[in-house]
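Subject: Structure handover

Hello,

I am passing this structure on to you. Please open it before reading the notes underneath.

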Amino acid sequence: MARAMRACALLSLLVFATSAWAQKLLVDILTEPCQPTEEGALNFTEQFNKSAENVFYQSVLASWTYNTNITDYNMDKEKWNATHMFHVSDEFFTSLNLIPMPQEFWDKSMLTKPENGRDVVCHASAWDFYNRKDFRIKMCTEVNMVDLFTIHHEMGHIEYYLQYKDQPVPFRYGANPGFHEAIGDVLALSVSTPKHLKDIGLLENVEDDKESTMNYLLNMALQKIAFLPFGYLIDLWRWRVFSGETTPEQYNFDWWYLRTKYQGICPGVPRTKKDFDAGAKYHIPANTPYIRYFVSFVIQFQFHKALCNASGHTGPLHTCDIYKSTAAGNLLAKALQKGSSRPWPEVLQEIVGTPSMSAKPLMEYFEPITEWLKEQNQKNNEILGWPEYSWTPPIPDGYPVDIDKITDIKKAEEFLAEFNDTSEEIIYKYNDAYWKYNTNITDYNDQLQQKAYLQWANHSKEFGLRAQQFDKDAFQDESIRRQLEKISLIGSAALPKTDLKEFNAIISKMETIYSVAKVCWNGDQDCSLLDPDLTGIMAMSRDYKELEYVWEGWRNASGRTMRQDYIRYVELSNEAARLNGFPDNGALWRSYYDTKTFEADIERIYKELQPLYRNLHAYVRRKLLDTYGQNHINTKGAIPAHLLGNMWAQSWINIYDLVVPYPSAPKIDATPTMLKQKWNATHMFHIADEFFTSLNLIPMPQEFWDKSMMTKPEDGRAVVCHPSAWDFGNRKDFRIKMCTVVNMDDLVTIHHEMGHVEYFMQYKDQPVPFRDGANPGFHEAIGDVLALSVSTPKHLKEIGLLEKVDDNEASEINFLLKMALDKIAFLPFAYLMDQWRWKVFDGRISSTEYNKQWWNLRLKYQGLCSPTPRTEKDFDPGAKYHIPSDVSYIRYFVSFVIQFQFHKAMCDKAGHTGPLHKCDVYKSKAAGDLMADMMSLGSSKPWQDAMEKITGQRNMSAESLLEYFQPLTTWLKKENENEVLGWPEYDWSPYLQPDVQERELVDFLGMKLPSSNAEAGQWILLVIALVLCVGLIAMACKLPKQKKHDMPQNSLAMDKAMSI
């Protein structure tokens, strides 16, 4: 039975491995299917052996005869041996003016398998002994063409060693690992040509006809093209293993899954998880990366084309033989000599003229066989690929089918229907319980929300594990594939039940600590919560010590008390991430952006914005010096974090009154007018709703008005005041929770939160997995982009909050500076929040340095320092809501960038002309329709598609943001001409300084004074000197007139002489 099964399996391999036109011949001879029975299999294989013999003979004869019966026969006829084969190869290298093999090579290499019976590793390999003279090859050579090619390949390594041997030791490597593999192979492309085989006496004639060309190229394709997917999948498998995505239990299953997916082959006999077929390939146990061979098989054709051009070759690329071309050899040697002393793109460019890998020369080389194969496959109506990829040779009883992936599209559709039908109720119950807890913080409600969370998590885990059983890549329908991917990612629900319960309890505990934390005066008699009390003090107070007390008190009451819980939270978060196939929780969070270069993109954008931020920082620092004095502000140092009007210094808009460029210009703060007109929270929400409907967007439904929490309850219950928007998952219940205060800031916040709700409503009819923003930053941007219009003086006048719009430079700069205090000041904070967490999750920041590294990042990116000493007993990150609440923050950085891209696109659609910062899209249905089209996609498409739909471009860019603030940027640069940008005195801290800092004292008239006082004294002395000078001149002019007649003649003559 085993032999019969193997025969059926081998047939399947042959059908996959041979070209499609040969498959047609095979299928023609089949009269009955291969049955998984002893009799059926034997009957079939017997018939196959009798009938297929001629088919395979005809399909393979030409290639085999051409490359084996002739060349191998001639090698045998001419009595070639291993040594001669190596000398032929060496002669090829020297014909190119390359370095010949040294004597040590011939003396010490192992060219054949030893005859004394000792065990050796026969796998061919080249060796560099690093003494710049001893280079060897180890190989059990047999006299045939394949080994002749292998000798050229290995000797290519030796040639590379010889060329770079005089480099410093760290540079004695290939430009990249693929380069080393390519060098011998590129020469073998010449050696394998019929022309070259004739030159070295292994072919009598060169047949220059189509049939011979096709035979030759097909033979090369069986070596080169057939290898490429294998060259890719070996390390793809290992990368998955290393990241944890492939668990040990799935090693063998995923190995064959990838081999089927990329190579279109299946195992010839049943394999189980007890097997380890990957280990049957030398490079796996030898710990040798394999992707180098894939790279080599691409760049060797780039090298080949460049060397052929250098040799003056004309004609098809596959006919090129660079033998005896010193020009080609010199070009190659020049690159080889560099070793790894230069980045590989530079070395590649030196050889081929481009710094990038490209498959174009490879495709050019095989173009004749490509066209021929297309013609043959079309003629025979062949199917390209292996749509019946689930087919395997007959499986005996007991084969572990439980690890197979499901590829049945009907089963996938049924599964998704079930998930969508059941999820809405589960989501509603969880959000309802969580809402009750957030709007009434009690132990009872906490227990209810934790119970509801576990029900939701169990549901997510059940369906997530079931979704993972599907082969997502098998489905052509992008919607099905994308839904399965999203359902498969189950986050914390992947944790075991006890860990999941602990995880949720920790987050709930930290959120509760945050929500009920208070700062007290006079013992415990007079205490204040964060919102609105402490937030108000931080915004309005200008008392340095009061701000310091509140700032430190809040961190002592919130962050410090949750530090130990956070350490355990990190452990459980990382475990959940690993169960989802990610190395840590930071990697899981970044995956939501579906961009391999996400971190690099964010860093690039931050650096583009850094000059504007540093100019704003320097300007604000100088203004704060005027308010708090030089004993609290260092104009070359960081700014104390408690002086910027916000508990976390994430927005500086509340100190606008201290830094306003033109105080006499009309103010654009609408808060006084709102209070004068007796606005309340409900009216503010209706104003925001009217803005959305003016754009032809969906109005807030009745449930929203009935169930939202718009103000802090007056019945004394504890609530989470942090503003948030809620989607209850039933397509009709949407709410906002907010402790609204009547001011301009909260009016803007209402637009932001209502933007979330508008997004919820736009995509509510998408399948449940797609009811989300295109990426997390999109959701944050929607409300903010409308707030850019709401904040304009034009719009404030439109809604009755400004009497007139002053269109002059002073008003413009005042407005833009105020916007920058909110938008630009925020960006480095938004970036560092998750920079810190990513490093915590991946272990770069240990729990013993949480606070130290937090302040290092705040200094590095924001240029801020703590106003009081901080230690590792503190946990200042936990004083920010999103840290204990397990909410990624980089979304806000993304939002603050892309909202300006959205704004520009909508302004263009609205027909706006003029500076971007003056645009108000209010009442533009065209702008609203553009936004609605994008929002209605939810996350059904990659975010790049959604971005393109609204902006016409597929990338995040700071260009629109910089355009918006361009007038302010120019103004700030002029204002800061004499300022130090940045904080070079980075070790300065306000709590380490005396009342008058020694660094500022200078010597003035024998006294030690602050530099500013000394400067003032200099001006006073200058004025006094000028007054005295004018007085002396006046007296000198008056005195001669009074005494002229009494003066002696000789004195008058003397006076004249002096004037000369």
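The notes below cover a hairpin and two histidines.

This is a predicted model, in which local features need pLDDT of at least 70, side-chain atom pairs count only at pLDDT 80 or more, and totals for chains, interfaces and linings use all residues. Residues are numbered from 1 along each chain as its sequence is written, and side-chain values use heavy atoms, with hydrogens and water left out.

Hairpin. Strands β1 (residues 125-128) and β2 (residues 135-138) pair in the antiparallel sense, over four bridges. Pairing requires at least two bridges found by DSSP; helices (H or I, at least four residues) and strands (E, at least two) are DSSP runs numbered from the N terminus. Ser-125 has Lys-138 in β2 as its bridge partner. Six residues separate the two strands, and in this hairpin Tyr-130 has a positive phi near 65 degrees.

Active site. An unreviewed UniProt entry places this feature at Glu-154, His-283, Glu-753 and His-882. The positions follow the numbering used here, feature names are shortened, and such annotations may be inferred rather than shown by experiment.

His-283 sits in the loop between α12 (251-263) and α13 (291-311). His-283 has a relative accessible area of 4% and is therefore buried (under 20%; exposed is over 50%, partly exposed in between; 1.4 Å probe, protein chains only). Beyond four places in sequence, its contacts (heavy atoms within 4.5 Å) are His-123, Arg-238, Thr-288, Tyr-290 and Tyr-293.

His-882 is in the loop between β8 (864-865) and α37 (890-909). His-882 is buried too, at 3% relative accessibility. Leaving out residues up to four places away in sequence, His-882 touches His-722, Met-833, Arg-837, Val-887, Tyr-889 and Tyr-892.

Regards
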